[in-house]
Every structure is written in structure tokens, then in C-alpha cells.
Amino acid sequence: MALETNRLLLVACTIDLLQADGGDRAGFSRLIGAAVTEEWPPELYDDDARMWTIDRLESVPGFDEWAMWYVILREPRTVIGAAGYKGPPDESGVVEVGYGILPAFQRRGFASEATSALIARAFERPDVTAVAAETYPHLTASLGVMRKNNMEYVGPGSEDGVIRYAIRRPS
């Protein structure tokens, strides 16, 4: 599965990609068809997150529809981040997104562009009522991603000190 935007290609994670991403930089680069820089991976995307995703892909049917995507810059073709869903919609139809872009590629709108594609994809499903994201109030770049995607503050997040933004399904 892949999503395309003006400047990006989002490639859905697979077990093979996640396993190669676990330390075989050259193998990961060949498998995903893009350069992988020395600064890979982005902040907050670590081995625990990778292994958690592999576990869910192996044990939860349909999880691949609601997992992580690698963010690839089209030109030059380079893996620049990860973005995706944190699982399927909850009982009220809310799906949560997250994103992380390598420092060398930040402040250019790539996280906003990737998140926009994920929001549009989520709203293609009739059972999705809203898309949410969480961040710390001092992370102004992350707040900018949410605001650029028409998300509005909805209250405290799931952890202490975290805030939550969301966008409801357009009527």
C-alpha cells in the first residue's frame, strides 16, 4: 500500500520492512527503494515502537490498515520520517495519528503533508468520525502540523502534560 502527495510517497509498513529497518540499513534501503540517511530513525521511533508494530501486524487481523507508514521524499528519493495511525478507530470512530520527521527535513511542511494524506485516507472509511493527534504544548512544530490540518484543541491527552487535537468528519 502506498499514498502519494505532491512531494511525498507514504509506504505502509510491512513485517519485512520493519525487520530490515531494525539494523540492516542497506537492506532496508534496497527493500524500500529509497536512500536511508545516517540520522535514521526519527525521534520517538525506536526499536520498541518497531517491535510493537511487528507484534500487532502478526497478531491483530486488519492491523495493517491502521499502522505506520514510512515517509519518503520523492526527489531525491529518501526516507525522511514515519507517520501513521496508532491503531484502528476506537468504539466512537476516532483514529489517532502520529508523525516524526528527521531533523534535516523538518520545518518544510513534510509532516503536515503526510498527516493530511493520512486524514483523507481515514475519512474514506465511513466508520471514522474523527482523527486525533496528541503532543506536548511546547512542541510548536507539532502544534503547527495539527493546525495546518484544521485540527482543533479538544482537551488533555492520554498522558500527563499532553494535549489533544482533533478534526471531525466533514459534513
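# Core, strands and salt bridges in a predicted model

In this predicted model, Met151 touches Val97, Ile119, Val131, Ala132, Ala133, Met146, Tyr165, Ala166 and Ile167, when residues up to four places away in sequence are not counted. Together with Tyr70 and Val131, Met151 is one of the residues that touch the most other members of the largest nonpolar core, a set of 55 residues. Helix α4, which spans residues 110–123, gives the most to this core, with eight residues. The points below begin with helix α4, then turn to the strands, the salt bridges, helix α2 and a loop.

**Helix α4**

- Arg121 lies in helix α4, and this residue counts as buried because its relative accessibility is 11%, which is under the 20% limit.
- If neighbours within four places in sequence are left aside, the residues in contact with Arg121 are Met1, Leu3, Glu65, Trp66, Trp69 and Tyr85.
- Glu113 forms a salt bridge with Arg7, and the closest N and O atoms of this pair are 2.7 Å apart.
- Because Glu113 lies in helix α4 while Arg7 lies in the loop between β1 (2–4) and β2 (8–12), this salt bridge ties together parts that are 106 residues apart in sequence.
- The two partners differ in their surroundings, since Glu113 is buried, with a relative accessible area of 14%, whereas Arg7 is partly exposed, with a relative accessible area of 32%.

**Strand β6 and its partners**

- Strand β6 covers residues 94–101, and because seven of its eight residues are buried, the strand is largely enclosed by the rest of the structure.
- On one pairing, β5 and β6 run antiparallel and are joined by five bridges, with Ala83 standing opposite Tyr99 in β6.
- In another pairing, β6 and strand β7 (residues 130–135) are parallel and share three bridges, and here Val95 stands opposite Val131 in β7.
- Between β6 and β7 the chain passes through α4, and the β-α-β crossover made in this way is right-handed.
- Val131 thus appears in several places in this briefing, as a residue of the β6–β7 pairing, as a contact of Met151, and as one of the core residues that touch the most other members.

**Salt bridges between strands**

- A search of the whole structure finds ten salt bridges, and among the residues that take part, Lys86, Glu96, Glu134 and Arg164 are linked in a network.
- Within this network, the side chains of Arg164 and Glu96 meet in a salt bridge with an N to O distance of 3.5 Å.
- This pair links distant parts of the chain, as Arg164 is in strand β9 (residues 163–168) and Glu96 is in strand β6, 68 residues apart.
- Arg164 also forms a salt bridge with Glu134, and in this case the closest N and O atoms are 2.7 Å apart.
- Because Glu134 lies in strand β7 and Arg164 in strand β9, the second pair ties together parts that are 30 residues apart in sequence.
- How buried or exposed are these charged residues? Arg164 counts as buried at 19% relative accessibility, Glu96 is buried with a relative accessible area of 18%, and Glu134 counts as buried at 17% relative accessibility.

**Helix α2**

- In helix α2, which runs over residues 25–32, the buried residues are Gly27, Phe28 and Ile32.
- These buried residues lie on the same side of α2, because they cover an arc of only 120° around the axis.
- The elements that cover the buried residues of α2 include α1 (15–21), β3 (35–36), β4 and β5.
- Just after α2 comes Gly33, which takes a positive phi of about 75°.

**An exposed loop residue**

- Glu75 lies in the loop between β4 (68–73) and β5 (78–85).
- With a relative accessibility of 68%, Glu75 counts as exposed, because the limit for that class is over 50%.
- Glu75 and Gly22 are 53 residues apart in sequence, and their C-alpha atoms are 24 Å apart in space.

Note on methods:
Residues numbered from 1 in each chain as written. Predicted model: local features only at pLDDT ≥ 70, side-chain atom pairs only at ≥ 80, totals over all residues. Heavy atoms only, no water. Helix = DSSP H or I, 4+ residues; strand = E, 2+ residues; numbered from the N terminus. Buried < 20%, exposed > 50% of the residue type's maximum accessible area, 1.4 Å probe, protein only. Arc of directions from axis to C-beta. Contact = heavy atoms within 4.5 Å. Core = buried A, V, L, I, M, F, W, Y, C linked by side-chain atoms within 4.5 Å. Pairing = 2+ DSSP bridges. Right-handed = clockwise from strand over helix to strand, strands pointing away. Salt bridge = Lys/Arg side-chain N within 4 Å of Asp/Glu carboxyl O.
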